[in-house]
Amino acid sequence: MLKATIDADIFKEAIDAISALIPECRLHTDDDGISTRAVDTANVAMIGLSLKKEAFDSYKASKSQLGIDISKMKNIFGMAGKGDLISLEMADNAQKMSVSVHGYNYSITLLDTNTIRKDPNPPTINLPGKIVIKGEDLNNALKAAAVISDKIALGINPKDQTFYLVAEGDTDHIRRDFSKDELVSLTPAEARSLFSLDYLKDMGKVMSKAAEVEIFLGIDHPVRFSFDIAGGNGHVEYLLAPRIEAD
Amino acid sequence: MMRCVECKGKGMCGLPRCPIMSRFHAQVAMKPSSTYQGSSPSVFIGSYGYPDIRGGPLLINDSDNPPDWIRNNLGMDEIVNLRARTIRGNAGLHAVGGSLQEIALSAKPIDVDVYFERPVAFSLNFDGTVAPVGFTGAVKKMDLLGSATVGRAVDRITSDTDIGATDAAIALSSDGVDVYQITKLMTAGLLGKRRKFVPTRWAITAVDDTLSTGLKKEIARFPPVEEIRVFSGEIYGNRIACILVPGDWKYEMIEIWGKQTLWGGEDEVIVQDREGMTKSGYSPISGAYYSARLAVCEYLQSIRRCARVIVIRSVSSEYWAPLGTWVIREATRKAMASPPAHGVSLDAAVHHAVALIGSDRWVPHSTLIPELRTQRTLDHFW
């Protein structure tokens, strides 16, 4: 059972965060709110998202799983304007969910949760380096690098206490160093890993709206991005596997 | 500067005639006549002078359908010969447009009576995208003797003026109408809301692109292939090797024109292009990129799997005249229908493709292979 209303902008933000990686997902509902955890088809990136019941205007749900077609949801909420409310309603074990937005009442057929990949285990990787940075700064640096190359190295220089991004194209090169005062905080530790900008570009777009993004880094290890959505009542974690630099 | 392999006779170098195209001169033992009585299997709309374009019926008492040519094992010279005997009528579309639409709608060739201004002239025209045609003649008068045999799906969708051309093409394809018929309908301006005649060479690539973009979205939802597979096939000196790697949809194509081949010239030329879920701009490989992509998408949809795809097309000097992008479409379809090598590692797959193509000089041009080699997956870390 699910009966909830939520501000359209908040729900859109959550859907956008998921759609950056995957076209469909398994949404868990319970007393406290909704959450999902999924990896992309290539097994390279993971998203964990939770939206507390405080993010909703009203919220009542029992423990259950919903198969959501994220791309379809995205198109539906294109209708919603600023300040609109979205209401979601579903009976126990129903195959359909009623969605009302901006005077339109949809009945959306849910995906069979058996056809969606199993939830991955939560990550248990030790990443020693940590940076806290403004979402906008991070996104701008990623966008700049995407002009030059399809991959980017993220690293920490513990000596200078800087966070750096380096991208190497066929002919061009770009480097951006963030000194400690440009960052919110920095935990120095030797770290450097290479990542595909294909993924980072889409994640960056979502993270640009976050006031602060925590970045966890290691050496040739995945990167973890962690940030709040919905004014602190929701949380997103991205995990992205590295590329190993060719010898 | 644009290279010959990228332009393929469009005249981008500024010379009055493409020096490569003008190499082809064929002679046919057919007396130019000023009338034609027989069947018309298809239509042709030129792109010259767009938007003020002209077009007309293709006139030959034979098949116009490339899969038929391959099924009947026609050699390249037989196809060129067949096409050299074909007459392309030419007229203003206000005069013959209605008749052309009848011909395009019909699943079978329609009998026609055509009177030309003067005896038809022989000028065998080759074009990278469209199959060649021998004679052209200005149409004075054209009468349809039969009426169109219209398939049910074709009838339904061409009568619907509220469905956009993209959705119309995809709907026709899922009803089992083949790409060649859909292209005919597109070029004759029978699809979409605001209907227009479309130059045939544009319609061919438009249909390849539209259908495979539609399939791509469907494929993206399927689970990845279980293992690496390597396919190969060859038609008329066009050798296709295709590597499928488990993962989300990515497509890369590498085209190799050997020394002394059609567009290659003095040196071997290699062109590469790739895409993810979206593709921006027109591929430098031109029509062949979209034709091969369609064939691969058709295969992935049939097995309900998603994959990262690398297609390598190597052209030898055996391919002595450009027959149109249907050659690549059919060569790739043939490759995808053959039993693949499977269960190999990425390095072994690349090695296998090198052996199939007979060269490893294309490997450094690939950007997808290094990406696949260097990208770790998450399960590597727990």
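1. In this predicted model, the contact between domain 2 of chain B and domain 3 of chain B brings together 11 residues of the former and 12 residues of the latter. On the domain 2 side of that contact, helix α8 of chain B, residues 200-219, gives the most, with 10 residues. By class, the side of domain 2 of chain B that touches domain 3 of chain B holds five nonpolar, two polar and four charged residues.

2. These two domains belong to a chain whose assignment gives domain 1 (4-144), domain 2 (152-219) and domain 3 (229-375) of chain B. The C-alpha centres of domain 2 of chain B and domain 3 of chain B are 25 Å apart.

3. Chain A, for its part, is divided into domain 1, which covers 2-114, and domain 2, which covers 129-240, and the C-alpha centres of these two domains of chain A lie 28 Å apart. The contact between them involves 17 residues of domain 1 of chain A and 16 residues of domain 2 of chain A.

4. As to which elements form the side of domain 1 of chain A that touches domain 2 of chain A, α1 (8-19) and β4 (45-52) of chain A each supply at least two residues. The largest share of that side comes from β4(A), which contributes eight residues. Sorted by class, the side of domain 1 of chain A that touches domain 2 of chain A comprises 11 nonpolar, two polar and four charged residues.

5. Turning to the contact between the chains, chain A provides 24 residues and chain B provides 18 residues. The side of chain A that touches chain B divides into 13 nonpolar, six polar and five charged residues.

6. On the overall form of chain A, the secondary structure consists of four helices and 18 strands. The radius of gyration of chain A is 19 Å, close to the 18 Å that the globule rule gives for 247 residues, and chain A is therefore as compact as a globular protein of that length. Along its principal axes, the C-alpha trace of chain A spans about 55 × 35 × 30 Å.

7. Two further values describe the packing of chain A. Of its 247 residues, 38% count as buried. Among the contacts in chain A with a separation of 6 or more, 68% are between residues 24 or more positions apart.

Definitions and conventions
Residues are numbered from 1 along each chain as its sequence is written. Chains are lettered from A and ligands numbered from 1 in the order in which they are written. This is a predicted model: local features need pLDDT of at least 70, side-chain atom pairs count only at pLDDT 80 or more; totals for chains, interfaces and linings use all residues. Domain bounds come from an automatic or database domain assignment. Two residues are in contact if their C-beta atoms, placed from the backbone, lie within 7 Å. Ala, Val, Leu, Ile, Met, Phe, Trp, Tyr, Cys and Pro count as nonpolar, Asp, Glu, Lys and Arg as charged, and the others, Gly among them, as polar. The radius of gyration is taken over C-alpha atoms; the globule rule is 2.2 Å times the number of residues to the power 0.38. A residue is buried if 20 or more other C-beta atoms lie within 10 Å of its own, exposed if 12 or fewer, and partly exposed in between; C-beta atoms are placed from the backbone.
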